[in-house]
Amino acid sequence: MKRRRKAGIAALLLIAAVCAAAAVWFFGDRKLMTADAAWEDSGDGDRMTVVAEIGEDLRILSGTQTLTAGNRTGKTLEEIVLRVPANAVRENCMVISEVRADGVSVEFAFDGDDPTVLRIGAPWAEGETIELSWRFHLTVPLTGGGIGRTAESALLVSALPTLAVYESGAWRTDAYDDLAESSYAQAFELEMTLFAPMSVKAVFGGALTEASLETGPDTMMYTVRMSGARDVSLALRTDGALRQRKIGGVLVSALADGVLAANALLDRAQEALASLDAAGLAYPFPSLSIVQDETYTEDGIVGSGLIALDAESDKEQLLRRITRLIARQTFGVLVENDPWNAPWLSQTLASAAEMLAYRQRRGSSAYETRYYEELEVSTRLTRPYGVTVGASTAHFGGDSEMTQVLRDQGAAMLLGIEQAVGEEAFLSALQRYARENAGKIATQQSLEEALREATGSSWDGYLSDGLAS
C-alpha cells in the first residue's frame, strides 16, 4: 500500500512539474530579459533622447524628443528640417509643439503641400553642435502598415520625427512614397524611455536595458538604447504573446497573436541568424524584435532593430522572409541607402545574403536548383519600360512587383558575380561594403569599390547593365 501511495504521489508531482513547465512555455515569465551589450555610445555622433507614454487603448503616444547633432555639412545653415513620416499616413496625426534650439524657443512650420516636412528657423553654423527639442503628440491612425493600430495592437515603425538628410547642398524633402523606406536618416545614438500600462506588451527597435515597476504597480517603465539607429520604432499589444530568446548573443523578442506564433517566429529567427552567421554575415546589433502584424507588403517592414511581417504557416517561406528582413538590418540600417532612387541596395543585397544563408542550410545542390528555378528565370521575363533592378520607386507598379524584381532578378545579378569570382571573394566584398559604410549612406559606387577591392576586377559595367536591363 505504501509503495502504491508513494508511486501515486510521484505521479502527481510529475504531472504538476509538467503542467508548470507547460505554463512557463505558454505564458512565459513576467520578468523581461534585457540585452547585455546594448550601449556603445561613441560620443562623437548625433544622439536622440525620447521620453514617451502611451495609454492602454494604444491611441495616443506623446512625449518629448531631444536631438543633439553636429553640423557636418561644411556650410552654415539658416534652417533645420525634420521628416515626420506619420503625417503621410494620416495628415496632422502628428502634432509638434514647443520647439527649442539650445533652450530657446524658435519658429517652426510644416510645408503647406507636404506635412512630412517640418522646417525649423534656427541658424546652424558649420561645425557647431545644436540641441533641438520638441514635444510630440501622435494620434495613432486606425490603419494597417508601418504606422497604425487596431483595437488590440499598434505598430509604429519610423513613427517619430528624425533629422532630414542634407545632401548636395540641400535638405532632402522627397515626396512621401509608400514603396520607399521612411527611415532615411543619418545614424544616431538612441535612448528611449517609455511608460506604458502593465497590461500592454511592448517590443522595441533597440535593445531593452531595463523594465521597471518603480513608477507604480500599474505602469511599466522601459529603457531602450541603440547605437546606429536610423529611426524610432516599437510595437505594442494588449493581447497576444511576447516571447524572448538569447540567440548567439542576440536578444530576440517576438510579439505575436499567440504563444505558438511567437515561438515559431523565434525558431525561424534562430535558423536565420545561424545560417547568416555561417555564411559570414553576422547580425550587427545586440537585439532584434520580430512582430507579427498586417503589413500589406510582400516581405515585411524594416525598422532599426525591428522587423514586422505577416507570419505565414509555411515554415520555409517564413524562414526565407525573416532571413531577408534580418539581412536588411545590415543592408538598409547599419548601411543606409537612398530609398527613393536606389532601393535595390537594401533589398537586392539582402536577397543575395538570404541565398548564401540558404546554401549554408541546405547545401549546394538545393541552392543550384533554387537559383535556376526561381532566380535565373526571372532575368528573362519581359517587363515594362523602366521596371528594372536599378529603378526608382516611381517606376514600380506596387510593392509586389518591386519586391519580385529586386529580390529575384536583383539577386541573380549579384550572384552572377559570385559565380565568376568565387564564394570567398564575393563574401569578402559584401563584408567590406558593410564594414566601410557602417553608419553612412552608401551608393552604387560604394558597392563597386568594395567589389573592386575584394576581387581585383572592376564590375562597374556589369552592374550598370544589370541595373538598367
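Which ring does the charged end of Arg370 sit over? Tyr358 is the residue to look for: the charged end of Arg370 lies over its ring, 4.7 Å from the centre. The legends below introduce this view and several others, all taken from a predicted model.

**View 1. Two arginines each place a charged end over a tyrosine ring.** Start with Arg370, whose charged end is found over the ring of Tyr358 at 4.7 Å from the ring centre. Then turn to Arg359, whose charged end sits over the ring of Tyr367, 4.5 Å from its centre. Tyr367 appears again in the next view.

**View 2. Tyr367, Tyr371 and Tyr372 are joined into a cluster by ring pairs.** Follow helix α6, residues 364-375, to meet Tyr367 and Tyr371. These two tyrosines are four residues apart, about one turn of the helix. Both Tyr367 and Tyr371 are buried.

**View 3. Tyr166 and Trp171 meet edge-to-face.** The whole structure holds eight aromatic pairs. In the one shown here, the ring centres of Tyr166 and Trp171 are 5.1 Å apart and the planes stand at 85°, so the pair is edge-to-face. Tyr166 counts as buried because its relative accessibility is 16%, under the cut-off of 20%. Trp171 is buried too, with a relative accessible area of 13%. For contrast, look back at Tyr367 and Tyr371, an aromatic pair that is stacked, with 6.3 Å from centre to centre and 25° between the planes.

**View 4. Eight strands line up in an open sheet with mixed pairing.** To find your way across, read the strands in the order β5-β4-β8-β2-β1-β14-β17-β16. At the edges are β5 (104-105) and β16 (207-212), each of which pairs on one side only. Within the sheet, β14 (residues 188-197) and β17 (residues 219-229) are antiparallel partners, paired over nine bridges. A handy place to see this pairing is Phe188, which stands opposite Ala229 in β17.

**View 5. Leu32 is a buried residue in a loop.** The loop in question runs between α1 (2-27) and β1 (46-54). Leu32 has a relative accessible area of 17% and is therefore buried. What does Leu32 touch, leaving aside its neighbours within four places in sequence? Its contacts are Leu208, Ala211, Tyr222, Leu242 and Gln244. Ala101 lies elsewhere: from Leu32 to Ala101 is 69 residues in sequence and 37 Å in space, C-alpha to C-alpha.

**View 6. Five strands form another open sheet, again with mixed pairing.** Here the order to follow is β19-β20-β21-β23-β22. The edge strands, β19 (241-247) and β22 (301-303), each pair on one side only. From one strand to the next, the twist averages 15°. Strand β22 runs antiparallel to β23 (residues 306-309), and three bridges join them. Along this pairing, Ile301 is found opposite Ala308 in β23.

**View 7. Helices α3 and α4 pack on the five-stranded sheet.** Helix α3, residues 259-278, touches β19, β20 (250-256) and β21 (287-292). The direction of α3 makes about 20° with that of β19. Helix α4, residues 315-330, touches β21, β22 and β23. Its direction makes about 150° with that of β23. Strand β21 is thus a good place to pause, since both helices touch it.

How values were computed
Residues are numbered from 1 along each chain as its sequence is written. This is a predicted model: local features need pLDDT of at least 70, side-chain atom pairs count only at pLDDT 80 or more; totals for chains, interfaces and linings use all residues. Side-chain values use heavy atoms; hydrogens and water are left out. Two strands pair if DSSP finds at least two bridges between them. Axes are lines fitted to C-alpha atoms, for helices over the stretch in contact, and angles run from 0 to 180 degrees between N-to-C directions. Contact means heavy atoms within 4.5 Å. Buried means under 20% relative accessible area, exposed over 50%, partly exposed in between (1.4 Å probe, protein chains only). Rings of Phe, Tyr and Trp (its six-membered ring) pair if their centres lie within 6.5 Å; planes under 30 degrees apart count as stacked, over 60 as edge-to-face and the rest as tilted. A charge sits over a ring if NZ of Lys or CZ of Arg is within 6 Å of the ring centre and within 35 degrees of the ring normal.
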